[in-house]
Amino acid sequence: MKVRVRNVLSKQEEQVVIECMEMTPEFEDIKNYCLAKGAFLTGYTDGSFQQQVCIKDILYMEAVGEKIFAYTKERVFEIRQRLYELEAELSPYKFIRCSKSFVI
């Protein structure tokens with residue numbers, strides 16, 4: 001397999017191109033990794049302060065009662081979705097549900 005890197009002049013020109021004979025699990029992993037780099041969830045801190053949380057920064061999510069919390073290295077965010085919804089949404093990014101109350 002060849003890998004080429006080409007510098008571009010602007011952020012808008014950045015892209016990843018995957019050229020393959022077939023979409024194998026390995027190529028699917030590469031695609032999902034690249035897509036996760038710019039993917040975000042909406043998180044809340046202090047009850048109502050809304051902030052975008054980059055999926056690549058999330059270490060795990062936990063259900064505590066009726067609330068869902070996403071943990072990053074620096075902060076904790078409340079996510080206003082159900083855990084099963086997050087599990088389905090984040091499965092391409094290699095998140096898995098490991099118990100009734102955790103997605104890692």
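Colleague: How many bridges join strand 1 to strand 2, and do these strands run parallel or antiparallel?

Modeller: The general idea is that strands of a sheet pair through backbone hydrogen bonds, either parallel or antiparallel. In this structure, strand 1 and strand 2 run antiparallel and are joined by 6 bridges, where strands (E, at least two residues) and helices (H or I, at least four residues) are DSSP runs numbered from the N terminus, and two strands pair if DSSP finds at least two bridges between them. One example is Gly-43, whose bridge partner in strand 2 is Gln-51. Please keep in mind that this is a predicted model, in which local features need pLDDT of at least 70 and side-chain atom pairs count only at pLDDT 80 or more, while totals for chains, interfaces and linings use all residues. Residues are numbered from 1 along each chain as its sequence is written, and side-chain values use heavy atoms, with hydrogens and water left out.

Colleague: What connects strand 1 to strand 2, and which residue in the turn has a positive phi?

Modeller: The two strands form a hairpin with 3 residues between them, and in that turn Asp-46 has a positive phi of about 55°. Strand 3 and strand 4 also form a hairpin, here with 2 residues between them, and Gly-65 in the turn has a positive phi of about 65°. A further hairpin joins strand 4 to strand 5 through 4 residues.

Colleague: Which residues stand opposite one another along these strands?

Modeller: Strand 3 and strand 4 are antiparallel and share 5 bridges, with Ala-63 standing opposite Ile-68 in strand 4. Strand 4 (residues 67–71) pairs with strand 5 (residues 76–79) in the antiparallel sense over 4 bridges; there Ile-68 has Ile-79 as its bridge partner, Ala-70 stands opposite Phe-77, and Tyr-71 is partnered by Val-76. Strand 5 is also joined to strand 1 by 2 bridges, again antiparallel, where Tyr-44 stands opposite Glu-78 and Gly-43 has Ile-79 as its bridge partner.

Colleague: In what order do the strands lie in the sheet, and which strands stand at the edges?

Modeller: The open sheet has 7 strands in the order 2-1-5-4-3-7-6, with antiparallel pairing. Strand 2 (49–54) and strand 6 (97–99) stand at the edges, and because each has a single partner strand, one side of each is left without a neighbour in the sheet. Helix 2 (residues 83–90) packs on the sheet and touches strand 1 (40–45), strand 3 (60–64), strand 4, strand 5, strand 6 and strand 7 (102–103), contact meaning heavy atoms within 4.5 Å. The direction of helix 2 makes about 165° with that of strand 3, the axes being lines fitted to C-alpha atoms (for helices over the stretch in contact) and the angles running from 0 to 180 degrees between N-to-C directions.

Colleague: How many aromatic pairs does the structure hold?

Modeller: A pair of aromatic rings is described by the distance of the centres and the angle of the planes. The structure holds 2 aromatic pairs (rings of Phe, Tyr and Trp, the last by its six-membered ring, with centres within 6.5 Å; planes under 30 degrees apart count as stacked, over 60 as edge-to-face and the rest as tilted). One of them is the stacked pair of Tyr-60 and Tyr-71, at 4.5 Å centre to centre and with 15° between the planes. Tyr-60 lies in strand 3 and Tyr-71 in strand 4, so this pair ties together parts that are 11 residues apart in sequence.
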